[in-house]
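Student: Could you give me a close look at one strand in this one, and how it ties into what surrounds it? I'd like the long version, please.

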Amino acid sequence: MSSCSSPVSWFPEGDWDLDWDQPFTDEDLQRIDEIVSSATASKKRPLIDSESRNHRRRLPPSLSCPNYKSHAEEMKLRYPFLKFEGRTVYSRTAEEVDRAALQLLKFVERKRKEVGQAILGFDIEWRPSFRRGISPGRVAVMQICCDTSLCYVMHIFHSGIPHSLHLLLEDPASTKVGVGIGNDSVKLFKDHNVSTKDVQDLSKLANQKLGGELKMWSLRSLIEELFHKQLEKPCEVQLGNWEAKYLSNPQLKYAALDAYASWCLHQALDCLPDAPDYDNAEN
């Protein structure tokens with residue numbers, strides 16, 4: 001037993017009547033051994049079993065690697081959102097869609113006389129399928145933007161393709177632009193038996209103008225690259241029910257913004273010269 005300058009201070013309170021100047025009796029020594037053993041055991045680290053191992057403390061999510069963002073990603077998060085501040089014209093009956101398409105045909109004719117051709121930002125929406133083996137829905141919505149002030153959202157799931165819209169889609173005097181528009185044209189033909197003429201894929205146009213390694217550009221990545229803005233595409237809207245009886249305000253906003261973004265991107269890319277190394281990159 002090690003020596004101390006004062007009596008042991010961690011003895012529990014009780015009927016202790018020890019004379020520290022007299023030798024301890026066997027009973028005293030036994031009681032002291034029990035107290036020392038108890039105190040030593042309480043200071044030992046308990047063994048880690050499988051249950052306690054599952055309750056170990058972990059780093060907060062903000063310090064874990066999956067949430068790490070590079071400087072470039074942080075800068076993108078600070079980009080302002082692209083906004084369409086013009087008027088959205090929503091049509092859902094055959095008569096309403098026919099009237100909207102006639103207005104667009106008049107716009108195309110006017111542009112053809114002024115500059116030779118009209119540019120239309122173009123996109124489509126359909127109801128997705130979340131079950132294996134179940135095909136997605138038919139094209140339900142078509143959105144067309146002709147300038148910064150006006151976008152048409154046509155609910156063709158209810159109206160079908162009236163004659164004037166059929167003429168607009170097959171009119172070579174208007175160039176329909178969008179990312180992946182070739183695939184959209186194929187789906188539109190399969191679902192509604194209409195052939196969309198004179199389409200231009202903005203991803204290919206971006207490679208032609210920006211040069212470098214060929215990329216599969218998305219609408220969002222092109223908006224970030226050229227305008228330093230974010231394209232808001234909430235999943236609950238993108239994967240929502242485009243076959244609903246009426247489109248909601250978030251759906252109308254989403255649809256118009258996509259067509260407007262395509263129109264803006266074409267205006268920006270078309271002004272750029274072709275990249276000098278584009279032919280070699282394409283080959």
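Tutor: Below I take one strand, then its partners, then the sheet and the cores.

A word on the ground rules: this is a predicted model, so local features need pLDDT of at least 70 and side-chain atom pairs count only at pLDDT 80 or more, while totals for chains, interfaces and linings use all residues. Numbering starts from 1 along each chain as its sequence is written, and side-chain values use heavy atoms, with hydrogens and water left out.

Let's go for strand 4, residues 150–154 (helices, H or I, of at least four residues and strands, E, of at least two are DSSP runs, numbered from the N terminus). Is it buried or exposed? Well, 5 of the 5 residues of strand 4 are buried, so the rest of the structure largely encloses it (buried is under 20% relative accessible area, exposed over 50%, partly exposed in between, with a 1.4 Å probe and protein chains only). In a regular strand, side chains alternate between the two faces of the sheet. Here Leu150, Tyr152 and Met154 point one way, Cys151 and Val153 the other, and all are buried.

Now the partners. Strand 4 pairs with strand 1 in the parallel sense over 5 bridges, and Thr88 stands opposite Cys151 (two strands pair if DSSP finds at least two bridges between them). Strand 3 joins strand 4 through 5 bridges too, but these two run antiparallel; Ile144 has Tyr152 as its bridge partner there. A hairpin of 2 residues links strand 3 to strand 4.

Zoom out and you get an open, mixed sheet of 6 strands in the order 1-4-3-2-5-6. Its edges are strand 1 (87–91) and strand 6 (199–201), each pairing on one side only. From one strand to the next, the twist averages 25° (axes are lines fitted to C-alpha atoms, for helices over the stretch in contact, and angles run from 0 to 180 degrees between N-to-C directions). Further along, strand 2 (residues 118–126) and strand 3 (residues 139–147) run antiparallel, joined by 6 bridges.

What about the cores? Strand 4 is among the elements giving two or more residues to the largest nonpolar core, along with strand 3, helix 8, helix 9 (219–227) and helix 11 (249–270). That core has 32 residues, and Leu82, Val153, Trp242 and Tyr260 have the most contacts inside it (a nonpolar core is a set of buried Ala, Val, Leu, Ile, Met, Phe, Trp, Tyr and Cys residues joined through side-chain atoms within 4.5 Å). Helix 11 gives the most, with 12 residues. Tyr260 touches Cys151, and also, among others, Leu82, Phe84 and Cys145, not counting residues up to four places away in sequence (contact means heavy atoms within 4.5 Å). Apart from this core lies another, of 26 residues, among them Val89, Ile144, Ile156 and Ile181.

One last spot: Gly86 sits in the loop between helix 3 (71–77) and strand 1. Gly86 touches Thr148 and Ser149, leaving out residues up to four places away in sequence, and is partly exposed, with a relative accessible area of 30%.
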